[in-house]
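Q: I have a model open and would like to learn how to read its features. Could you walk me through a few?

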Amino acid sequence: MLDFSRQFKVIREEVMAALEAVCDSQRFILGPEVDGFERAVTAACRAPYAIGCASGTDALWLALAAAGIGPGDSVITTPFSFFATVSSILRCGAKPVLADIDPQSFNLDPAAVTALLEGSGGNVIRGVMPVHLYGQCADWDEFSAMRKTFGICLIEDAAQAFGASWRGMPAGALGDAAAFSFYPTKNLAAMGDAGLVTTTSPQIDDRVRSLRAHGMRRRYYHDEIGWNSRLDTLQAAVLQVKLKYLPEGNLKRQQLAARYDTLFQAARLPELGIVLPFVDPRGSHVFHQYVIRAPRRDDLRAFLAQQKIGSEIYYPLPLHLQTSLKSLGYRPGDFPESEKAAAEVLALPIYPELRHDEQDTVVEAIAAFYGG
Ligand SMILES: *Cc1c(COP(=O)(O)O)cnc(C)c1O
């Protein structure tokens, strides 16, 4: 599914030199590597502010809290995402309100969100948190229009979408604030946990910086109750190196995705019910994941596993059906598109160093499964 050692072989010396420089400096908290990485991200994302933190989960939490979301507020988001999308809203003391996805893009359906905003019955909806799932931006034409009409704030869950864009504007510069994750499987990957918030607002920037360091703007004077969520300096050093290789890596992902499409079509698999990823022409999809819909998905996955071909399900159980989120009061059937997607999606191996012969093997195995 994913072989990290291939990239590491190429960048080993640069990464080790960056790590050694931190060791030699003996500065392990914030410092020039964190500043340097934050600056590099502001350039890459064309967002005026970037603040490193400990994880993508913390980045979501920091972005929401710094945007002023707290008890009594509601935030609309998708049930078809990683758990942190919803848990970060709860961590802020706010209430997650869920809306179904668009079946083509798997992203939050703007029509479903609008319906909630128009009839928000008792909920004070302060924000919407679209997720750029699998590396493709949510429909930002619609969400930015909603921001104007309803006065909501927009927080991007951009954990899977570093380098993606919408009408030429990068993820991270679209909303009031955005959260990135550098978890090792993401397309920009640290060597451990790491995350980052970008924002277009100087107030949010100042507040995230304060909140990630115990609410301190001046040493040992605490203006508010924050927490410890700094970006580790060693991780920042690694990320500075890896960020340089990201545009090339994202391009390779796009080329591999196009090649998968061609191979699937040549094998006539769409005629047998395989649905290939939809690419919205208004954006640029970075294919953090290449996700198909597959008939008899679980049998296919078992068949691939027998042949030592990795695949993954993002995500098998929608968030409204998670045991820990029972108190939100949702039931099976509430979000039919998310539930259908959870039963049908399969992510296939895709990363910049994946070889063409390996890709051929994946498609041949899938064709064999369907008797092609
Ligand atoms: C990975 C991910 C997160 C959480 O990031 P961590 O760095 O693992 O805390 C949040 N949202 C989405 C959509 C993700 O894919």
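A: Happy to; this is a predicted model, and we will look at a sheet, a helix residue and an annotated site.

Q: Let's start with the sheet: what is the order of its three strands?
A: To read a sheet, follow the strands from neighbour to neighbour. Here the order is β7-β6-β12, in an open sheet with antiparallel pairing. The edges are β7 (169-170) and β12 (283-284); each has a single partner strand, so one side of each is left without a neighbour in the sheet.

Q: How many bridges join β6 to β12?
A: Two bridges link β6 (residues 165-166) with β12, and these strands run antiparallel. Within this pairing, Ser-165 has Ser-284 of β12 as its bridge partner.

Q: Now the helix residue: is Thr-233 buried or exposed?
A: For this, compare relative accessible area with the cut-off: under 20% counts as buried. Thr-233, which belongs to helix α8 (residues 233-266), has 0%, so Thr-233 is buried. Its contacts beyond four places in sequence include Val-22, Ile-29, Leu-30 and Val-34.

Q: Which backbone oxygen lies 2.9 Å from a polar side-chain atom of Thr-233?
A: That oxygen belongs to Phe-28. Phe-28 is also among the residues that Thr-233 touches, as are Arg-27 and Glu-33.

Q: Which residue does the UniProt annotation "active site" cover?
A: An unreviewed UniProt entry places that annotation on Lys-186. Lys-186 sits in the loop between β8 (177-181) and β9 (195-199). With 15% relative accessibility, Lys-186 counts as buried. Leaving out residues up to four places away in sequence, Lys-186 touches Ala-159, Gln-160, Ser-181 and His-288.

Methods
Residues numbered from 1 in each chain as written. Predicted model: local features only at pLDDT ≥ 70, side-chain atom pairs only at ≥ 80, totals over all residues. Heavy atoms only, no water. Pairing = 2+ DSSP bridges. Helix = DSSP H or I, 4+ residues; strand = E, 2+ residues; numbered from the N terminus. Buried < 20%, exposed > 50% of the residue type's maximum accessible area, 1.4 Å probe, protein only. Polar contact = N/O pair within 3.5 Å; in protein donor to acceptor, adjacent residues only side chain to side chain. Contact = heavy atoms within 4.5 Å. UniProt positions renumbered as here; feature names shortened; annotations may be inferred.
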